[in-house]
Amino acid sequence: MPAHNAPSPVLVLVPGIVGDPDGGGEALRVVDERDAQLCVTDLGVTRGEGVFETIGVFDGRAVNMRAHLRRLQRSADMIELLRACDTDQLDLGLLEQAVQRAVQEHDDVPELTVRIIVTAGDEADTRPFAWVHARAVDDWTQARRGLRVVTLDRGLPSTVTATSPWLLAGAKTISYAVNMAAGREAVRRGADDVLFTTSDGYCLEGPTSTLLVRRGNEFVTTPPDAGVLPGTSVASLFADRTAAGARCREALLTPQEVLEADGAWLLSSVRLAAPITHLDGTELPVDRALTDHFNEVLRGR
Ligand code: PLP
């Protein structure tokens, strides 16, 4: 429950997610989140079959909306979410409207988190179930100042997307229990967050974030085919840095190479750019001015 006087979250159901809703009903509908919505036999609940996106909204503007929607479709394709439907396309235009509606319905706040979730729907049905939920964000001030990060082995090789595509590495599915467990392991080890590594010794991503590393005038992130989510935030910062004359590229780096770098960040759409202050206990340089600049770019300014 939100704290007293906190702005109320907004929930928009999207019955028209793959075309006309049954019975010609509304394509999207604002409802009270306290009323039961989800069927207990929804495959999202019983099998974890669903995909999601989390979009940052800053001063009322949803940042990188189209990129998030494209990635939602990519994740849906990867898990064959619409296999029982007569279309393989989510109505991304309708989802965009649902996001805008949720933002309009919410109280004006500087930062809003908007989640889009699409599940495979009820076991007995063929229609996916979709909703958009907007809520005022947690306070990320501390994380944006810096994170103590530990590396944790994800147990998969850097070749995983080629050798074992059924493991769905790089799909943004709602099965995030492993990611959350890794976060708790970081806390047990006295850290704030995790940098996953491959079983063959390369850096991947955080449980909810992308790795960005600076080496002089070069910025490096993990290649998606190593099994990471292609980040929207890193794409924005690559565009910004390329325009500033830097070289930006995807490459596999070892933890030792990150330790020898001129700076590293964990990036995501809501927490934004969080500099890594320590990796496995070793201090890394932090460029506050560049971090502040990154966070202006990621707010869409
Ligand atoms: N990697 C994972 C596993 C994530 O869950 C996320 C975001 O939630 C990211 C990377 C960062 O993606 P983006 O910058 O698009 O928010």
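This briefing covers a sheet, the cysteines, the ligand surroundings and one arginine. The structure is a predicted model. It contains an open sheet of 6 strands, has 0 disulfides, and holds a ligand surrounded by 17 residues.

**The sheet and helix α2**

- The strands of the open sheet follow the order β2-β1-β6-β5-β3-β4, and their pairing is antiparallel.
- The edges are taken by β2 (29-31) and β4 (61-62); each has a single partner strand, so one side of each has no neighbour in the sheet.
- Strand β3, residues 50-58, runs antiparallel to β4 and is joined to β4 by 2 bridges.
- Across from R61 in β4 stands F58.
- Helix α2, made of residues 65-78, lies across β3, β4 and β5 (111-119).
- The direction of helix α2 is at about 170° to that of β3.

**Cysteines**

- Searching the whole structure gives 0 disulfides.
- For C39, the closest cysteine sulfur is that of C85, and a bond is ruled out because the two sulfurs are 16 Å apart; the cut-off for a disulfide is 2.5 Å.
- C203 is likewise in no disulfide, and the nearest cysteine sulfur, in C248, is 18 Å away.
- The two cysteines C39 and C203 can also be described by their accessibility: C39 has a relative accessibility of 32% and counts as partly exposed, while C203 has a relative accessible area of 1% and is buried.

**Ligand surroundings**

- Of the 17 residues that surround the ligand, the closest are K172, Y176, T232, S233 and S269.
- K172 places a polar side-chain atom 2.7 Å from an oxygen atom of the ligand.
- In Y176, a side-chain N or O atom is 2.5 Å from an oxygen atom of the ligand.
- S209 contributes through its backbone: an N or O atom there lies 3.5 Å from a nitrogen atom of the ligand.

**R127**

- R127 sits in the loop between β5 and β6 (129-136).
- The relative accessibility of R127 is 17%, so R127 counts as buried; the limit for that class is under 20%.
- The R127 side chain reaches the backbone oxygen of P15 at 2.9 Å.
- A polar atom of the R127 side chain also lies 3.5 Å from the backbone oxygen of G19.

Notes. Residues numbered from 1 in each chain as written. Predicted model: local features only at pLDDT ≥ 70, side-chain atom pairs only at ≥ 80, totals over all residues. Heavy atoms only, no water. Pairing = 2+ DSSP bridges. Helix = DSSP H or I, 4+ residues; strand = E, 2+ residues; numbered from the N terminus. Contact = heavy atoms within 4.5 Å. Axes fitted to C-alpha atoms, helices over the stretch in contact; angles between N-to-C directions. Buried < 20%, exposed > 50% of the residue type's maximum accessible area, 1.4 Å probe, protein only. Near = heavy atom within 4 Å. Polar contact = N/O pair within 3.5 Å; in protein donor to acceptor, adjacent residues only side chain to side chain.
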